[in-house]
Amino acid sequence: MNNLKEQNIEDFICNPFFKIGKEWMLITAGTKEKINTMTASWGSLGVMWGKNVALTFIRPQRYTKEFIDDNDTFSLCFFPEEYKKDLSYLGSVSGRDLDKISNTKLTGDFIDNTPYFKEASLVLICRKLYKQDLIPDGFILPELDNKWYENKDYHTMYVSEIVKIYSNM
């Protein structure tokens, strides 16, 4: 697991605004036969329904959405700065078109049948609890709809329990 050690969720401390918004993350799902990943800079960590959760948002046209929908679990992986170029690449090409992971310095592996990347400094293993498509009527500020959804390709929001955390930090 490349120096990753399981961390007690109660001891987990991070700044999600920095981790998600600035460092970005990879959302990864699949099986031993095939995985796919995408870069994300939107999301949230918190507590809901008495569980530690991650909220992730995926547009309908993203290939990774099929993998998320077809599997019960997925990982959120965070990386040292040296992998930013790989994350940028993985966010700009589709796994439908090529084996994009093989064009990076990243090595896929599995924790409890959930794919992750060995080079990650932080891995959250998530189990889906709920999903809901965002809808235009939900926007209190219409300018957000106009700015982020010009093509009306609304994200699906997934609420997922964080079942395990691995870190080398």
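Leaving aside neighbours within four places in sequence, which residues is Asp133 in contact with? Keep that question in mind while you get your bearings, and remember throughout that the model on your screen is a predicted one.

**The whole chain**

Start with the full chain in a cartoon view, where you can trace four helices and ten strands. If you follow them along the sequence, the order you should meet is β-α-β-β-β-β-α-β-α-β-β-β-α-β. Turn the model about its principal axes, and the C-alpha atoms will be seen to fill a box of roughly 45 × 40 × 30 Å. For 169 residues, a compact globule would have a radius of gyration near 15 Å, and the 16 Å of this chain agrees with that.

Now show the contacts, if your viewer allows it: among those between residues at least 6 apart in sequence, 73% join residues at least 24 apart. Buried residues make up 43% of the chain, while the accessible surface comes to about 9,200 Å², with 50% of it belonging to carbon and sulfur atoms. When you colour by charge, you will find 21 positive and 24 negative charges, whose mean positions are 2 Å apart.

**Asp133, the opening question**

Select Asp133, which lies in strand β9, and display the residues around it. The answer to the opening question is His155 and Thr156, once neighbours within four places in sequence are set aside. With a relative accessibility of 44%, Asp133 counts as partly exposed, because it falls between the 20% limit for buried and the 50% limit for exposed residues. For a sense of distance, add Lys51 to the selection: Lys51 and Asp133 are 82 residues apart in sequence, and their C-alpha atoms are 21 Å apart in space.

**The largest nonpolar core**

Next, select Ile27, Ile68, Phe74, Leu76, Phe78, Leu124 and Cys126, which have the most contacts inside the largest nonpolar core, a group of 20 residues. Several elements each supply at least two residues of this core, namely β2 (25-30), β3 (35-40), β5 (51-58), α2 (63-70), β6 (73-78), β9 (122-133) and β10 (156-167). A second, separate core has 17 residues, including Leu90, Ile101, Val123 and Tyr166.

Stay with helix α2 for a moment and show its side chains. Which of its residues are buried? They are Tyr63, Thr64, Lys65, Phe67 and Ile68, and the buried residues of the helix pack against β2, β3, β5, β6, β9 and β10. As you look along the helix axis, it helps to know that an α-helix has 3.6 residues a turn, so residues three or four places apart point the same way. Zoom in on Ile68, which touches Ile27, Ala29, Ile58, Phe74, Lys128 and Tyr158 when residues up to four places away in sequence are not counted.

**Leu4, before the first strand**

Move to Leu4, found in the segment before β1 (5-7). Is this residue buried or exposed? Leu4 is buried, because its relative accessible area is 7%, which is under the 20% limit. Beyond residues up to four places away in sequence, Leu4 touches Tyr116, Ala120, Ser121, Val123, Tyr166, Ser167 and Asn168. Pick out Ser121 among them: although Leu4 and Ser121 are 117 residues apart along the chain, their C-alpha atoms are separated by 7.2 Å.

**Lys164, in the last strand of the tour**

Select Lys164 in strand β10, a residue that counts as partly exposed at 23% relative accessibility. Its contacts, not counting residues up to four places away in sequence, are with Glu6, Ile9, Asp112, Val123, Leu124 and Ile125. By contrast, add Glu66, which is 98 residues from Lys164 along the chain, and you will see that the two C-alpha atoms are separated by 23 Å.

**Two loop residues with positive phi**

Finish with the backbone angles in two loops. Trp24, in the loop between α1 (16-23) and β2, is not a glycine, yet its phi is positive, at about 75 degrees; this residue is partly exposed, with 23% relative accessibility. Lys152, in the loop between α4 (142-148) and β10, is another residue other than glycine with a positive phi, here near 60 degrees. Lys152 is partly exposed as well, with a relative accessible area of 45%.

Terms used: Residues numbered from 1 in each chain as written. Predicted model: local features only at pLDDT ≥ 70, side-chain atom pairs only at ≥ 80, totals over all residues. Heavy atoms only, no water. Core = buried A, V, L, I, M, F, W, Y, C linked by side-chain atoms within 4.5 Å. Buried < 20%, exposed > 50% of the residue type's maximum accessible area, 1.4 Å probe, protein only. Contact = heavy atoms within 4.5 Å. Rg over C-alpha atoms; globule rule 2.2 N^0.38 Å. Areas by Shrake-Rupley, 256 points an atom, 1.4 Å probe, with all protein chains shown as cover. Lys, Arg positive; Asp, Glu negative; His and termini not counted. Charge placed at Lys NZ, Arg CZ, Asp CG, Glu CD.
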